[in-house]
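Here's a quick briefing to read alongside the sequence and the 3D view. Have a look at the structure first, then work through the points below.

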Amino acid sequence: MKAIVYAIRTIGRELRSGEVLVLLSAVALAVAALTAVGFLTDRIGKAVARQANEVLAADLRLRSPEPLPAEWLEAAERFELETAETQNFPSVVFAGDESSLANVKAVSAGYPLRGKVRTANRLFGDQQEANDIPPAGSVWADGALMARLNASVGDTISVGESDLRIDAVLTYRPDQSIGFASLAPTVLLNLNDLPATNLVKEGSRVGYALLVAGRESDVDDFYADVEDDLPESVRVRNREDSSESAANASARAQKFLSLTAVISLLLSAVAIAMSARRFAHRRMDTVALMKSLGASQQFVITAATVQLLLLGIVGVCVGSLIGFAAEKILTSMLADLIANDLPPPGLQPVFLAAGSALILLIGFAMPSLIQLRNAPPLRVLRHDEMPPAPSRLLVAGTSLLAVAAMLYSAIGDARLLLYVLGGMLGVSIVLYATGRLLVALLGRSRGGVGIAWRYGLANVARRGRASAVQVVAFGLGLTVLLLLTFVRTDLLKGWQQTLDENAPNSFLINIQAHERDPIAEIFARNEIGAPDFVPMVRGRMTTIDGDDVKDIEFPTEDGKWMANREANLTWAAKLSETNDIVSGDWWPEDYQGDPLVSIEEEAAADLGVELGQKLTFTIAGQEIQLTVASFREVNWDSFKPNFFMVLSPGALDGFPATFVASLKVQAEERGALLEIARAHPSVSVIDLESILQQVKGIIEKATLAVQAVFIFTLAAGIAVLFAAVQSTIDERRFESAMLRALGVQRGTVLFGVLTEFAALGLVAGFLAAAGASILAWLISTRVFELEYSFSPLLWSLGLGGGILLVCLSGYVAARGAINAPPADVLRAA
Amino acid sequence: MLAANNVSKQVISPEGGLTILSEVSFEIDYGESVAIVGASGAGKSTLLALLAGLDLPTSGSIQLDGNVLTDLDEDGRARVRAASVGFVFQSFHLVPSLNALENVMLPLELGAAENARKKAADIISQVGLSERGRHYPAQLSGGEKQRVAIARAFATEPAVLFADEPTGNLDSKTGENIMQLMFDLNRNSSATLVLVTHDQSLAGRCDRILSLDAGALVSDEKVRR
Ligand SMILES: Nc1ncnc2c1ncn2[C@@H]1O[C@H](COP(=O)(O)OP(=O)(O)OP(=O)(O)O)[C@@H](O)[C@H]1O
Ligand SMILES: [Mg+2]
């Protein structure tokens, strides 16, 4: 009690003296950085997720082959979720004498819950967003369907027993699939019109879906509620398991934001640890004095803890204010990029950041406080008397516990956590060991250099443990900054490729062999580059190594689903640029032997297929046996036609093949597509432009997030460097005054200080660059599934920048000490 | 009041064991003023630290104001110090972040004394620094700093005052003033005084002189006036 009263009574003096400013600013900066990162992560993460959910047209979709039970809808209403229903099935539709197979999709009011449907008034005309569903009595028809039916807007088509008017051309719906699974073009109609068509009868192949959207927690609650009663035939999708490009980009952005959150937390931890250490060290003399005056250990540690907490609270308040201001400014800056229909952010990020900073402060200051408690009172007579160093285990234990607790709440990604924490631990150990080695080496070799050098290097050696700790702090700070730079570069590069100006935006499918030349001819006439025609044969898998696929237990539901439907097969002599062999071998270009197949790796895993196994397919009534030769990794983000199964050349000779082409068509060249649709009605034109736009939107938001968060983390990193330098500033002040009193020039002293930091920076920077490269490689390839590109330029920039940053923060911090008149310093207490 | 019984102190140094004090015994009465003299390195500061309970002897026992220091743990010794001990050091040991007044308040606040500020202000004016109470240590001269330290030592009205070469860092004139102040305050409070010094004339102003040589007590004589 006495101690608490004392601590509170004296806190004002501490603040006034300016001694605790470093600790205060470390805490404040940590809170500000964590708030900003937390805020951005939340906002942009939500915006990105929203956009990604568009591919479902909902936040959650339940698909069932049976009519939807009423309980689901009731449950959704109970949780105050928006809902919409869809039913779809293939059916032949008629217009005049023409007919075509169509995917009939009937939707209820509210569809789509996420994203917008877009329509146009005429084929390939300008499109606009629709705010409604087709009015009763009308349909919106896919352009391809209209071309095949030779119909235009205003005409009537027959769907089952109903005649419905074509109200608009359906150019985009968020949940359209990019794959080739649904070859039939869509006709969208009002669910209320469906009964009259009389198409839905006992035994019809209708897919029912319930779409729900709302607050994340409500959606989760809803799902938890219905989950147990879901029949096996129901397929549930939310954005986590939708593997479209858009979801991919958004998942990576989320991961990167998690990574930055973790890293800014780590940086804050290092900054706080450094300044807490200094806080305790500076107090050593005062505590020894207080003990000689009769203060008990309990008193000392309680007073110090209370003061630390009070300082922490002041720091947190200042930091929260900065963070809150940053939040406001960012919100207005990003207004049009971040969906404004999101719930307001509120104070949650601020509270989270404040809590984290306090926990870090306690966790990282504890070892120093314990050391303080053991400060020997004898110090008042023998100044070099030091308390025993706190047990390493204790230091590591409390600190790690604090960090792990924070990180666990920050991200759920165990692998990312493992890599980052394990990596940091490894890097710290190497840094510390190297730091000690450096100290030992410098301790021996310091003859024969100028005074400034000797002074600087001698300093490194003399400070021993403290120098090693500094190397660790500098090194860790630089490592995470470089790590973030490397991963960010890989991420942006990957996205850049996705956003490649030449990425195809249109697919032509179902092209017959003889239609290739006329189509190429149309393109040539419109001055569009000739497309590549990729062959495609549809076949059904029948056996794996002699076992009937009907009897095989597949490792995953997806595997079962894949094995039981028609697969798209192609053949190729050369491996596509967007594919990589992960195991087995690709066949030689002139291969002519027994048919081989190369399978996409995830599909192979889903199917449980191994290299060398034999698969049989039935194609057009004939059997063909294939040997599994390799597994491929496919970059689905490339928007090029890709296949799960690629066969060796010649394997499909003699089977009826259709062809697929992908190409980039500029807006003004779209007439060519119309021409193709009219001249070759059986060819389907799939317009990817809308989906590309969507991916682009996500990537732009995500890029912005990555950049903004990066800058905030950079600020936290610089705080670490500064805290590390500050921790030796007292000694420096005294030494510099002494040297100058002895007649050494100020410039010489300054040069000495810079030498010292350059030496520390060089070692720390070099190790950091190495550590960061390894970690970036791990994280890029394992967590982000991106290609890691080693860049020597980035490496040396990071290294040079690191040294410069260390020197600069050293200079800024030490300048005051060096410029102070020696008399002032030597007079002190 | 204060008694040392066969007190020895050894330390382990890189060159092996080193005996700093060997078998030192003496007793000091209430109100006595005692000087400890000896060459540099004789073990004076070490002895003082042991007497004040800042450190423990390797063997032997020490009693202070009815407490056996050598039987107490660190907190126990701290309690004894809080109740009975004042210190003046050669190198002042003021807290740089506190001003003169606050430095004097420190032991009062540690003991949760009431009216700490008022008491501290009283003593500050007794040492003649009432004008400088708000100044920080860095703004004071050596003599002024030592006066603040003396004020701090007497603030809690200790039963025994330990001083380790309190004038060692001051010129002889200032040192003389400081010692005068200390003796005056000591007489007024009738505290016991233990003073480590090199200065023979200073030692001569005490009631008794203990001489140390290479860690051994070589003489213990009353001063005749
Ligand atoms: N912890 C220790 N480790 C090693 N040597 C020590 C330790 N404490 C004291 N000494 C040594 O013991 C001897 C006595 O030290 P002490 O400080 O008591 O001397 P002193 O009489 O006060 O000298 P001075 O007049 O110079 O202040 C010295 O040689 C000192 O170096
Ligand atoms: Mg001494």
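Arg208(B) is buried, with a relative accessible area of 7%. Its partner in a salt bridge is Glu32(B), with N and O 3.3 Å apart, and Glu32(B) is buried too, at 8%. Keep in mind that this is a predicted model. The rest of the briefing covers the salt bridges, the ligand site, chain B as a whole and a few backbone details.

**The buried pair and its network**

- Arg208(B) sits in strand E9 (residues 208-213) of chain B and Glu32(B) in the loop between E2 and strand E3 (33-38), so their salt bridge ties together parts of the chain that are 176 residues apart in sequence.
- The pair doesn't stand alone: salt bridges with shared partners put Glu32(B), Arg208(B), Asp220(B) and Lys222(B) into one network.

**Other salt bridges**

- Over all chains, the structure holds 14 salt bridges.
- One of them is in chain A, where Arg78(A) pairs with Asp225(A) and the closest N and O atoms are 2.9 Å apart.
- That pair links distant parts of the chain, with Arg78(A) in helix H3 (residues 70-78) of chain A and Asp225(A) in helix H6 (residues 216-227) of chain A, 147 residues apart.
- Is Arg78(A) buried or exposed? Arg78(A) counts as exposed, because its relative accessibility is 53% and the cut-off for exposed is over 50%.
- Asp225(A) is partly exposed, with a relative accessible area of 36%.
- Another salt bridge joins Glu74(B) to Lys291(A), with 3.2 Å between the closest N and O atoms.
- This one crosses between chains, running from helix H2 (residues 74-84) of chain B, which holds Glu74(B), to helix H7 (residues 245-292) of chain A, which holds Lys291(A).
- On the chain B side, Glu74(B) is partly exposed at 22% relative accessibility.
- On the chain A side, Lys291(A) is buried, with a relative accessible area of 0%.

**Ligand 1 and its shell**

- Where does ligand 1 lie? Ligand 1 is found between chains A and B.
- There are 14 residues around ligand 1, and those that come nearest are Ser40(B), Gly41(B), Lys44(B), Ser45(B) and Thr46(B).
- By residue type, the shell divides into five nonpolar, six polar and three charged residues.
- Strand E2 (16-28) and helix H1 (44-51) of chain B each supply at least two shell residues.
- H1(B) gives the most to the shell, with three residues.
- For polar contacts, an oxygen atom of ligand 1 is 2.5 Å from an N or O atom in the side chain of Thr46(B).
- The backbone takes part as well: a ligand oxygen is 2.8 Å from a polar backbone atom of Gly41(B).
- An N or O atom in the side chain of Glu165(B) is 3.4 Å from an oxygen atom of ligand 1.
- Taken alone, ligand 1 exposes 630 Å², and the protein buries 68% of that.

**Glu165(B), a ligand contact with positive phi**

- Glu165(B) has a phi near 45°, a positive value in a residue other than glycine.
- You'll find Glu165(B) in the loop between strand E7 (160-164) and helix H6 (172-189) of chain B.
- Glu165(B) is buried, because its relative accessible area is 13% and the cut-off for buried is under 20%.

**Chain B overall**

- Chain B has seven helices and ten strands.
- Of its 225 residues, 52% count as buried.
- Among contacts in chain B with a separation of 6 or more, 65% are between residues 24 or more positions apart.
- The accessible surface of chain B is about 9,500 Å², with 46% of it belonging to carbon and sulfur atoms.
- Helix H3 (residues 100-110) of chain B is largely enclosed by the rest of the structure, because eleven of its eleven residues are buried.
- The buried residues of H3(B) include Glu102(B), Asn103(B) and Glu109(B).

**Backbone details in chain A**

- Tyr111(A) and Pro112(A) are joined by a cis peptide bond, with omega at about -10°.
- Pro112(A) is in the loop between strand E3 (98-107) and strand E4 (117-120) of chain A.
- Asp545(A) has a positive phi, near 50°, and is a residue other than glycine.
- The loop between strand E13 (533-544) and strand E14 (547-548) of chain A holds Asp545(A).
- Asp545(A) is partly exposed, at 43% relative accessible area.

Notes:
Residues are numbered from 1 along each chain as its sequence is written. Chains are lettered from A and ligands numbered from 1 in the order in which they are written. This is a predicted model: local features need pLDDT of at least 70, side-chain atom pairs count only at pLDDT 80 or more; totals for chains, interfaces and linings use all residues. Side-chain values use heavy atoms; hydrogens and water are left out. A residue is near a molecule or strand if one of its heavy atoms lies within 4 Å of it. A polar contact is a pair of N or O atoms within 3.5 Å; within protein, one must be able to donate a hydrogen and the other to accept it, and residues adjacent in sequence count only if both atoms are side-chain atoms. Accessible areas come from the Shrake-Rupley method with a 1.4 Å probe; for residues, only the protein chains shown count as cover. Helices (H or I, at least four residues) and strands (E, at least two) are DSSP runs, numbered from the N terminus. Ala, Val, Leu, Ile, Met, Phe, Trp, Tyr, Cys and Pro count as nonpolar, Asp, Glu, Lys and Arg as charged, and the others, Gly among them, as polar. Buried means under 20% relative accessible area, exposed over 50%, partly exposed in between (1.4 Å probe, protein chains only). Contact means heavy atoms within 4.5 Å. A salt bridge is a side-chain nitrogen of Lys or Arg within 4 Å of a carboxyl oxygen of Asp or Glu.
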